[in-house]
Amino acid sequence: SLVGSEMCIRDSNESEDLGCVYDHLLQYYPQFHNIILWGRSMGAATALLFAARTQSQLTALIADSPYPTVKEITIEYLKDQMAARNLPQSMAKNVLEIVRAVSYTHLTLP
């Protein structure tokens with residue numbers, strides 16, 4: 001997808017990359033025991049994914065302007081997954097409706 005005039009890749013691998021940096025800091029710089037993670041926009045989403053997927057001992061996490069809604073994250077994820085499988089991205093909204101229906105069935109939402 002294009003953000004401004006630069007190519008931007010959305011993928012969950014960034015949170016894995018961040019995990020490598022985090023592990024490196026802990027291993028080679030043990031004096032850095034109070035780590036504050038800050039991410040903006042897509043970086044905020046990466047920071048949130050990293051924190052959610054790991055047992056990291058962050059002192060703080062600052063998510064500056066992350067994606068505004070779960071729906072937007074889900075649509076972007078679906079588009080990426082569909083593109084990886086050569087499926088038409090126009091199907092993303094249909095798949096989102098299925099995800100929504102399943103979520104409402106299994107979760108207690110307002």
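Select isoleucine 36 to start: alanine 60 of strand 4 stands opposite isoleucine 36. Now widen the selection to residues 36-40 and 60-64, which are strand 3 and strand 4; they pair in the parallel sense over five bridges. Pairing here asks for at least two bridges found by DSSP between two strands. Strands are DSSP runs of E, at least two residues long, and helices are runs of H or I of at least four, both numbered from the N terminus. Follow the chain from strand 3 and you pass through helix 2 (residues 42-53) on the way to strand 4, a β-α-β crossover that is right-handed. To check the hand yourself, point the strands away from you: right-handed means that the path from the first strand over the helix to the second runs clockwise.

A word on what you have open. This is a predicted model, where local features need pLDDT of at least 70, side-chain atom pairs count only at pLDDT 80 or more, and totals for chains, interfaces and linings use all residues. Residues are numbered from 1 along each chain as its sequence is written, and side-chain values use heavy atoms, with hydrogens and water left out.

**Stay on strand 3**

Show the side chains of strand 3. Which ones point to the buried face? Leu37 and Gly39 do, while Ile36, Trp38 and Arg40 point to the other face and are not buried. Buried means under 20% relative accessible area, exposed means over 50%, and partly exposed is in between (1.4 Å probe, protein chains only). Next, pick arginine 40 and look across to strand 4, where aspartate 64 is its bridge partner.

**Step into the loops**

Move on to serine 41, in the loop between strand 3 and helix 2. Serine 41 has a relative accessible area of 32%, so it is partly exposed. Draw a distance to alanine 63: the two C-alpha atoms are 7.8 Å apart, although these positions lie 22 residues apart along the chain. Beyond four places in sequence, serine 41 is in contact (heavy atoms within 4.5 Å) with Asp64, Ser65 and Pro66.

Click one of those, serine 65, which sits in the loop between strand 4 and helix 3 (70-84). Its backbone deserves a look: phi is positive, about 55 degrees, although serine 65 is not a glycine. Serine 65 counts as partly exposed because its relative accessibility is 45%.

For another positive phi, jump to asparagine 86, where the value is near 60 degrees, again in a residue other than glycine. You'll find asparagine 86 in the loop between helix 3 and helix 4 (92-106). Is asparagine 86 buried or exposed? At 71% relative accessibility, it counts as exposed.

**Where helix 1 meets helix 2**

Go back towards the N terminus and select serine 15, in helix 1 (residues 13-28). Relative accessibility is just 5% here, so serine 15 counts as buried. Which residues is serine 15 in contact with, leaving aside neighbours within four places in sequence? They are Thr46, Leu49, Phe50 and Arg53. With arginine 53 there is also a side-chain to side-chain polar contact of 3.1 Å. For a polar contact, look for a pair of N or O atoms within 3.5 Å; within protein, one must be able to donate a hydrogen and the other to accept it, and residues adjacent in sequence count only if both atoms are side-chain atoms.

Now view it from the other side: threonine 46 is in helix 2. Threonine 46 has 13% relative accessibility and therefore counts as buried. Its contacts beyond four places in sequence are Glu14, Ser15 and Leu18.

**Over to helix 4**

Select valine 99, in helix 4. Valine 99 is partly exposed, at a relative accessible area of 34%. Add threonine 74 to the selection: 25 residues separate the pair in sequence, and 9.0 Å separate them C-alpha to C-alpha.

**Zoom out**

Show the whole protein and you'll see four helices and four strands, running β-β-α-β-α-β-α-α from the N terminus on. Of the 110 residues, 20% are buried.

Finally, colour by pLDDT, the predictor's confidence in each residue, from 0 to 100. The mean is 77, and 81% of residues reach 70 or more. Last stop, residues 1-9: pLDDT stays under 50 there, and the model has nine contacts beyond four places in sequence for this stretch.
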